Amino acid sequence: MSPLAQVEDLAVHYPVEVGLGRGKAVVRAVDGVSLSVEKGEVLGLVGESGCGKTTLGRALLRLVEITAGKVFFDGQDITRVKPAQLRPLRRRMQLTFQDPAGALDPRMTVGECVGEALLVHALANGARPARVEALLSQVGLGPEMVDRFAHELSGGQRQRVGIARALAVEPELLVLDEPTGGLDVSVQAQVLNLLSDLQQRLKLAYLFVSHDLRVVAHLADRVAVMYLGQVVELGPAASVYASPAHPYTRALLAASVAAGTPGAVLEGEPPSPVAPPSGCRFHPRCPLALEACRSQVPKAREMGAGHTVSCLRAGEGAKRP
């Protein structure tokens, strides 16, 4: 059985101006990533801001131009299909945005925002208002929300509206881009419980994008750790959390335990994706780096059933903080 969604050697590069008269450079936002999301699975995608995880999620949905590699959905290669061919698949794969306030049209009511997808896909004709109310109820919002505008809602309510809108077309895959970002701890817990309930009841697959491994731990079946455009560790959540094999993964876990930001336990900032380091991209910040790490690109190594890591010193000091 083929995965629901899959990318192979995916690359997404953006040309940028580097300065007056200095020409252009290329931002390697995603640079050779291969992973899959199985039907009904929750795959957590974690990493620092700027590592490329949001771009990867959008590329999986064909919402950004792909530089190289392939994207498959339910076994079908959708890498280069035309918009008209892609349109029927849009119902099956949806995105919730990192900034729900910015994603909701301030001129439209909640009912209009949620019902727009029904209108575009000609769904629930004649019963659209009832369907909108049912969707809002499904995410824990009452019918009184139908006539409200985005600025009248709390952050948690706006996120729930975004989820309801994504569910309107009955998708099989949701890409959740930082769904708890900007929410206080109590509201985060409510949204996570909602997403868990929806995933189980509707048999949904999630690509759960987050910078915080604590958040991902609540839902993920597997975890992919991304650094500077590449996946450096991938495996079952239980294995990754119990025995993180990459120094970067251990740093993210340490930051989560300390309730800080991922960068707080690493020296220096991530290198520029315009000019990534040679060899292992993590070596300038790695406490275990060898001289060979400066020139040798680490290949993925098997650490256990389905658990792979790209590191020359994989597993050394592998103990959860």
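# Pockets, cores and rings

Biologist: Which element gives the largest share of the lining of the largest pocket?
Modeller: H4, with four residues. Keep in mind that this is a predicted model.

Biologist: What volume does the largest pocket have?
Modeller: About 440 Å³.

Biologist: Which residues are the closest to its centre?
Modeller: Gln 94, Phe 97, Ala 117, His 121 and Arg 165. They belong to a lining of 15 residues.

Biologist: Which elements give two or more residues to the lining of the largest pocket?
Modeller: Strand S6 (93-96), helix H4 (110-120) and H6.

Biologist: How does that lining of the largest pocket divide by class?
Modeller: There are 10 nonpolar, two polar and three charged residues.

Biologist: Next one. What volume does the second largest pocket have?
Modeller: About 350 Å³. Its lining counts 21 residues, and the closest to the centre are Gly 32, Gln 230, Val 231, Val 232 and Ser 310.

Biologist: Which elements give two or more residues there, to the second largest pocket?
Modeller: Strand S2 (24-37), S10 and strand S12 (307-310) do. S10 has the largest share, five residues.

Biologist: And how many nonpolar, polar and charged residues has the lining of the second largest pocket?
Modeller: Nonpolar 11, polar six, charged four.

Biologist: Now closed space. How many cavities of 30 Å³ or more does the count come to?
Modeller: Two. The largest has a volume of about 70 Å³. Its lining has 13 residues, with Cys 280, Cys 286, Cys 293, Cys 311 and Leu 312 the closest to the centre.

Biologist: How is the lining of the largest cavity made up by class?
Modeller: It has 10 nonpolar residues, two polar and one charged.

Biologist: Which residues line the second largest cavity?
Modeller: Thr 96, Phe 97, Pro 100, Ala 103, Gln 159, Gly 162 and Arg 165. Helix H3 (100-103) and helix H6 (155-167) each give two or more of the lining residues. H6 gives the most, three residues.

Biologist: How much space lies in the second largest cavity?
Modeller: About 40 Å³. By class, its lining has three nonpolar, three polar and one charged residues.
Modeller: Two names come up twice. Phe 97 and Arg 165 line this second largest cavity, and both are among the residues closest to the centre of the largest pocket.

Biologist: Switching to the cores. Which residues touch the most other members in the largest nonpolar core?
Modeller: Leu 136, Tyr 206, Phe 208 and Val 223, in a core of 57 residues. Helix H7 (residues 185-202) gives the most to this core, six residues.
Modeller: Apart from it lies another core of 35 residues, including Leu 10, Leu 56, Leu 207 and Val 209.

Biologist: Back to Phe 208. What is Phe 208 in contact with, leaving aside neighbours within four places in sequence?
Modeller: Val 42, Leu 43, Gly 44 and Leu 45 are among its contacts. So are Leu 176, Pro 179, Leu 192 and Leu 195. Val 215, Val 216 and Leu 219 are on the list too.

Biologist: Aromatics next. How many aromatic pairs does a search of the whole structure find?
Modeller: Three. One of them is Tyr 227 with Phe 282, at 5.1 Å centre to centre and 85 degrees between the planes.

Biologist: Why does the Tyr 227 and Phe 282 pair count as edge-to-face?
Modeller: Because the planes are 85 degrees apart, and over 60 counts as edge-to-face.

Biologist: Where in the chain do the two partners, Tyr 227 and Phe 282, sit?
Modeller: In distant parts, 55 residues apart. Tyr 227 is in strand S9, and Phe 282 is in the loop between helix H10 (247-257) and strand S11 (300-304).

Biologist: Tyr 227: buried or exposed?
Modeller: Buried, at 3% relative accessibility. Phe 282 is buried as well, at 2%.

Biologist: Which residues do ring pairs link into a cluster?
Modeller: Tyr 227, Tyr 248 and Phe 282.

Biologist: Last topic, the backbone. What is phi of Leu 228?
Modeller: Near 50 degrees, a positive value in a residue other than glycine. Most residues other than glycine have a negative phi.

Biologist: Where is Leu 228 found?
Modeller: In the loop between strand S9 (222-227) and strand S10 (230-236). Leu 228 is buried, because its relative accessible area is 5% and the cut-off is under 20%.

Biologist: And what is phi of Asp 9?
Modeller: Also positive and near 50 degrees. Asp 9 lies in strand S1 (residues 5-17).

Biologist: Asp 9: buried or exposed?
Modeller: Exposed, at 53% relative accessible area.

Definitions and conventions
Residues are numbered from 1 along each chain as its sequence is written. This is a predicted model: local features need pLDDT of at least 70, side-chain atom pairs count only at pLDDT 80 or more; totals for chains, interfaces and linings use all residues. Side-chain values use heavy atoms; hydrogens and water are left out. Buried means under 20% relative accessible area, exposed over 50%, partly exposed in between (1.4 Å probe, protein chains only). Rings of Phe, Tyr and Trp (its six-membered ring) pair if their centres lie within 6.5 Å; planes under 30 degrees apart count as stacked, over 60 as edge-to-face and the rest as tilted. On a 1 Å grid over the protein atoms alone, a cavity is a set of points where a 1.4 Å probe fits but cannot get out, and a pocket is an open set with protein on both sides within 12 Å along at least five of seven lines; lining residues have an atom within 4 Å of a point. Grid points are joined across faces, edges and corners, and a volume is the space filled by probe spheres set on the points. Ala, Val, Leu, Ile, Met, Phe, Trp, Tyr, Cys and Pro count as nonpolar, Asp, Glu, Lys and Arg as charged, and the others, Gly among them, as polar. A nonpolar core is a set of buried Ala, Val, Leu, Ile, Met, Phe, Trp, Tyr and Cys residues joined through side-chain atoms within 4.5 Å. Contact means heavy atoms within 4.5 Å.
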